[in-house]
Number of protein chains: 2
Amino acid sequence: MATAARARHAAPDTRTAVFEAAARAFSARGFDGALVDDIAADAGVNKAMIYYHFKSKLALYRAIVRDMLHGCGDVVGEVATRPEPAAARMRAFIAAFVTLADARPWFPPLMMRELSEGAPRLDAATLALMRVVFGSFHRILADGQASGEFRPVNPVLAYLSVLGPLRMNAARERAASRPGRNRLPMFAMVSHADLTDHLQESALRMLKASRL
Amino acid sequence: MATAARARHAAPDTRTAVFEAAARAFSARGFDGALVDDIAADAGVNKAMIYYHFKSKLALYRAIVRDMLHGCGDVVGEVATRPEPAAARMRAFIAAFVTLADARPWFPPLMMRELSEGAPRLDAATLALMRVVFGSFHRILADGQASGEFRPVNPVLAYLSVLGPLRMNAARERAASRPGRNRLPMFAMVSHADLTDHLQESALRMLKASRL
DNA sequence: GTCTATAAATAGATAGAC
DNA sequence: GTCTATCTATTTATAGAC
């Protein structure tokens with residue numbers, strides 16, 4: 001988000017307000033569903049300011065996606081290179097993803113949507129950031145397989161098994177948060193501590209070299 | 001889709017063409033992103049026909065979601081009540097979901113999107129259908145836990161672990177299908193046979209009562 | 001940096017002829 | 001059942017004053 005470069009300006013951070021309102025809107029309603037007027041209103045800012053600070057609706061959207069993936073890449077890159085056994089790093093990777101999703105709750109739905117549409121709005125630089133995140137996961141997996149901790153599995157399928165439930169839970173939480181939905185069993189509240197535990201346990205059971 | 005009631009009409013099935021084009025469009029671009037003009041063009045039909053056969057864009061969308069969930073509920077309901085051990089039914093449940101996703105490839109992305117937006121377009125009847133699907137899953141899980149085949153797990157989390165990877169794979173396939181994406185490791189081709197095997201193995205490892 | 005007013009394009013929907 | 005033409009509302013974006 002590069003706030004440092006703007007710190008000297010006197011203005012209350014309009015740009016940040018726009019960024020955050022837009023992140024919420026794009027996540028909740030998609031690129032086409034999110035309206036620039038609504039983003040401006042939610043940010044408490046005049047619509048023209050959005051075009052002043054960002055070039056266009058698309059440029060604003062891209063800035064948000066890049067910010068997400070940058071933060072993500074830094075964190076999981078650090079986790080993947082720790083001098084620890086692969087199983088411990090896998091647990092840390094999952095915990096980091098849950099934490100990241102808590103810090104940027106708009107991330108998982110927005111990314112799922114973008115992928116579902118064929119990721120038409122992602123440029124090469126952004127795809128490279130996605131590759132970094134997958135690369136960190138793959139490193140942990142490959143290390144665990146080399147050391148005999150993990151069994152052989154397709155890295156792409158293993159990645160889906162770890163991230164898929166997390167992203168589906170984010171979608172589920174959105175639907176559950178609407179009034180009148182609490183009664184449905186599949187929309188029951190689940191704490192993120194329980195979510196983390198379950199994902200870690202499931203991932204290690206999926207990967208552990210031991211027989212069942 | 002209730003094709004029987006229209007079989008006596010002479011016309012080539014315009015309604016079906018609209019339905020299928022709309023399913024593709026809503027899945028690929030979302031409710032707001034899909035344009036009625038594009039749907040008409042893709043179906044090879046005049047735009048006014050869409051409003052003749054369906055009341056509105058929203059009514060068309062809802063018809064598609066209901067169709068999906070109906071087909072799904074019927075299949076998994078049958079699987080859940082088979083006189084087989086829970087583990088076998090869990091395998092069948094997963095295989096059925098992969099098959100359903102192959103028959104209606106627009107289903108997983110569309111549903112993920114709808115949930116991510118808080119499912120604002122789903123009425124009570126449609127939510128009830130979702131409940132039926134989850135109920136079938138829950139029945140298999142509870143039977144397995146009662147018989148000692150499965151360990152205790154939160155049913156919602158278990159459901160996410162089974163369906164999340166499937167839905168994320170659908171999103172991944174969309175993004176992978178665009179030109180120039182083949183090089184990225186996370187967009188590598190994965191057969192649905194391998195996908196099914198992996199999901200079944202992962203689910204049973206997640207659920208099996210045995211120690212690791 | 002901020003606001004008002006408005007341009008320019010587009011989308012969902014319908015009237016009415018055939 | 002099908003098509004043409006069009007209405008109405010909305011939406012992205014900008015020009016220009018302050």
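Here is a quick tour of a predicted model with two protein chains and a DNA strand. Chain A is built from nine helices and has zero strands. Chains A and B superpose with an RMSD of 0.0 Å after a turn of 180 degrees, and DNA strand C has 15 residues around it.

**Fold of chain A**
- Reading from the N terminus, the elements of chain A go α-α-α-α-α-α-α-α-α.
- Chain A has 212 residues, and 54% of them count as buried.
- The C-alpha trace of chain A spans about 60 × 45 × 30 Å along its principal axes.
- Take the contacts in chain A between residues at least 6 apart in sequence: 68% of them join residues at least 24 apart.

**How the two copies relate**
- To lay chain B on chain A, you need a turn of 180 degrees and a shift of 0.0 Å along the axis, which gives an RMSD of 0.0 Å.
- The copies are therefore related as by a two-fold rotation axis.
- Look for B:Gly164 if you want to find that axis: within chain B, its C-alpha is the nearest one, 2.1 Å away.
- Both copies use the same surface, with 98% of the contact residues of chain B recurring in chain A.

**Around DNA strand C**
- Among the 15 residues around DNA strand C, the ones that come nearest are A:Asn46, A:Met49, B:Leu35, B:Lys47 and B:Lys57.
- If you count the atoms of DNA strand C that come within 4 Å of the protein, 62% belong to sugar and phosphate.
- Helix H3 (47-53) of chain A and helix H3 (47-53) of chain B each put at least two residues into the surface near DNA strand C.
- H3(A) gives the largest share of that surface, with four residues.
- Sorted by class, the surface near DNA strand C comes out as eight nonpolar, five polar and two charged residues.
- Several phosphate oxygens of the strand sit by chain B atoms:
  - The side chain of B:Lys57 has an N or O atom 2.6 Å from a phosphate oxygen of DNA strand C.
  - For B:Tyr51, an N or O atom in the side chain is 3.1 Å from a phosphate oxygen of DNA strand C.
  - B:Ala34 takes part through its backbone, where a polar atom is 3.5 Å from a phosphate oxygen of DNA strand C.

**Aromatic rings**
- Over all chains, the whole structure holds 14 aromatic pairs.
- One of them is B:Phe31 with B:Tyr61, an edge-to-face pair at 5.2 Å centre to centre and 80 degrees between the planes.
- B:Phe31 lies in helix H1 (residues 14-33) of chain B and B:Tyr61 in helix H4 (residues 57-80), so this pair ties together parts that are 30 residues apart in sequence.
- B:Phe31 counts as buried because its relative accessibility is 15%, and B:Tyr61 counts as buried at 3%.
- Over in chain A, ring pairs join A:Phe93, A:Phe97, A:Phe134, A:Phe137 and A:Tyr159 into a cluster.

**Two spots in chain B**
- B:Val18 is part of helix H1 of chain B and is buried, at 0% relative accessibility.
- Beyond its neighbours within four places in sequence, B:Val18 is in contact with B:Ile39, B:Ala43, B:Val45, B:Ile50, B:Phe54 and B:Leu60.
- B:Val18 and B:Ala40 are 22 residues apart in sequence, with 6.8 Å between their C-alpha atoms.
- B:Ala88 belongs to helix H5 (residues 86-103) of chain B and is partly exposed, its relative accessible area being 31%.
- From B:Ala88 to B:Ser136 is 48 residues in sequence and 14 Å in space, C-alpha to C-alpha.

**Positive phi at Ala119**
- Most residues other than glycine have a negative phi.
- A:Ala119 goes the other way, with a positive phi near 50 degrees.
- You will find A:Ala119 in the loop between helix H6 (107-116) and helix H7 (124-146) of chain A, where A:Ala119 is buried with a relative accessible area of 0%.
- B:Ala119 also has a positive phi, about 50 degrees, although it is not a glycine.
- The loop that holds B:Ala119 runs between helix H6 (107-116) and helix H7 (124-147) of chain B, and B:Ala119 counts as buried at 0% relative accessibility.

Note on methods. Residues are numbered from 1 along each chain as its sequence is written. Chains are lettered from A and ligands numbered from 1 in the order in which they are written. This is a predicted model: local features need pLDDT of at least 70, side-chain atom pairs count only at pLDDT 80 or more; totals for chains, interfaces and linings use all residues. Side-chain values use heavy atoms; hydrogens and water are left out. Copies are superposed by least squares on the C-alpha atoms of residues with pLDDT of at least 70 in both. Contact means heavy atoms within 4.5 Å. A residue is near a molecule or strand if one of its heavy atoms lies within 4 Å of it. A polar contact is a pair of N or O atoms within 3.5 Å; within protein, one must be able to donate a hydrogen and the other to accept it, and residues adjacent in sequence count only if both atoms are side-chain atoms. Ala, Val, Leu, Ile, Met, Phe, Trp, Tyr, Cys and Pro count as nonpolar, Asp, Glu, Lys and Arg as charged, and the others, Gly among them, as polar. Rings of Phe, Tyr and Trp (its six-membered ring) pair if their centres lie within 6.5 Å; planes under 30 degrees apart count as stacked, over 60 as edge-to-face and the rest as tilted. Buried means under 20% relative accessible area, exposed over 50%, partly exposed in between (1.4 Å probe, protein chains only).
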